[in-house]
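Biologist: Please give me a close look at one helix and its packing. Then carry on into the surroundings.

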Amino acid sequence: GRSFSTSPYNRAIESRRQVGSIFKPLVYLSAIEKGVVNNQTFDPLTLLDNSPLKLEYDRQIWEPQNYDKTFSAPRPAFFALKESINVATARLAMDVGLDQVIETSRRLGINSPLKKYPALSLGAFELAPFEVLKVYNTFSQMGEQRELHLIHKVTDQSQEILYEATETSEQIGNPADFAVLVSMMKESLRSGTARWARDYGFSAFAAGKTGTTSDSKDAWFAGFTPFQTTVVWVGFDNGTPHGLTGASGALPLWSQYMKVATAGDPHQDFKTPDGVSPRMISSDELMDLGIEEGKAIPTELFFKDEME
């Protein structure tokens, strides 16, 4: 808020705002965990259909649009995520199953109401920023879910501990699955919708996702390093459209804050858990997958090792 004296409202915990595309990683994690989608192994290079989509449900018709109002040939999954392609993501959610996407969301800490509507896949529902933080912090720790506390410790003037929160954690999924997702989300900052973070001086190893609602009322960026996770939401309490995107409204704030907040952290990448291997994808291979030459940037992605 702008002034606690005029608005003592804790938006981080009490507000509920539409999340938009920052929900998409949960769709991709659901596919990674499922392993096989449409009778083929799902990995970061799986081609996703990006042709027009029309769905009928509850006597309504839903026709999702991409941000640039265009469609294209099939796109690799990592590319669809880093470029935040709506139609390809919506189709993936339908193929995985909305029940599975909701189950994944619940497991990662989302308690707000989720309805089994196709638009769920694109974040057309409301969450508290604190819920988003819990999800993304679990991403950052490769599936280790830690209980979040507003107050970790209270000491007196003699440094005697008056209160200390109990630190608890639980592994809620296969670290290898989360590592594959994080490798895809790193591309958002390297060459995707969040690539401007570097222009603000942020240079640590990081992954994340932009989010913009279709009515321009909510702009988000949720991102993390191996050591810190930060969620930024930008909007008006009364829902007035502000015309900002996640990249233009939330990302600059996130970048400038994280530049300072992570200054004392080690400059190291995310750990590689057992069960995954990195692979460098060349420009030629990406062009063979249908990505235009100017967008076919060599990319390192993680793939799950084949089971013997």
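Modeller: Start with α2 and helix α6 (residues 129-140): their axes cross at roughly 45° and come within 11 Å. Axes here are lines fitted to C-alpha atoms, for helices over the stretch in contact, with angles from 0 to 180 degrees between N-to-C directions. Helices (H or I, at least four residues) and strands (E, at least two) are DSSP runs, numbered from the N terminus. This is a predicted model, in which local features need pLDDT of at least 70 and side-chain atom pairs count only at pLDDT 80 or more, while totals for chains, interfaces and linings use all residues. Residues are numbered from 1 along each chain as its sequence is written, and side-chain values use heavy atoms, with hydrogens and water left out.

Back to the pair. The crossing angle makes α2 oblique to α6. Oblique is what remains once angles under 35 degrees are called roughly parallel, over 145 roughly antiparallel and 65 to 115 roughly perpendicular. The crossing of α2 and α6 is left-handed, meaning that the near helix is turned anticlockwise from the far one by less than a right angle. From α2 come P25, L26 and L29; from α6 come V135, Y136 and F139. Contact means heavy atoms within 4.5 Å. By class, the α2 and α6 contact has six nonpolar residues, no polar and no charged ones. The nonpolar class is Ala, Val, Leu, Ile, Met, Phe, Trp, Tyr, Cys and Pro; Asp, Glu, Lys and Arg are charged; the others, Gly among them, are polar.

Now another partner of α2. Helix α2 (residues 24-34) and helix α4 (residues 86-96) pack at about 45°, with axes 10 Å apart. That makes α2 oblique to α4. The crossing of α2 and α4 is left-handed. On α2, the residues involved are K24, V27, Y28, S30, A31 and K34. They meet N86, T89, L92, A93, D95 and V96 of α4. Six residues of this contact are nonpolar, three are polar and three are charged. An α-helix has 3.6 residues a turn, so residues three or four places apart point the same way.

How covered is α4? It is mostly covered, with nine of its eleven residues buried. Buried means under 20% relative accessible area, exposed over 50%, and partly exposed in between, with a 1.4 Å probe and protein chains only. The buried set is N86, V87, A88, T89, A90, R91, L92, A93 and V96. These residues pack against α2, β2 (36-37), β4 (47-48), β6 (60-62), α3 (77-82) and α5 (98-107). After α4 comes G97, with a positive phi near 110°.

Next, the interior. The largest nonpolar core holds 60 residues. A nonpolar core is a set of buried Ala, Val, Leu, Ile, Met, Phe, Trp, Tyr and Cys residues joined through side-chain atoms within 4.5 Å. F23, Y28, F42, L92, Y136, F139 and M184 touch the most other members. Helix α7 (residues 175-190) gives the largest share of this core, eight residues. Take F23. Beyond its neighbours within four places in sequence, F23 contacts V101, S105, I110, L120, S121, G123 and F125. A second, separate core has 14 residues, among them A194, A197, A206 and V234.

V19 sits in the loop between β1 (17-18) and α2. V19 counts as buried, at 1% relative accessibility. Past four places in sequence, V19 contacts G123, F125, L127, V132, G211 and W220. V19 and W233 are 214 residues apart in sequence, yet their C-alpha atoms are 9.0 Å apart.

Then the loops among the strands. N38 lies in the loop between β2 and β3 (40-41). N38 is exposed, at 53% relative accessible area. Its phi is positive, near 55°, in a residue other than glycine. D58, in the loop between β5 (55-57) and β6, has a positive phi near 50° and is likewise not glycine.

Last, α7 again. E187 lies in this helix. E187 is buried, with 3% relative accessible area. Leaving out residues up to four places away in sequence, E187 touches F78, K82, G192, T299, E300 and L301. A204 is in the loop between α7 and β13 (207-212). A204 counts as buried at 18% relative accessibility. With the same four-place exclusion, A204 touches R198, T225, T262 and H267.
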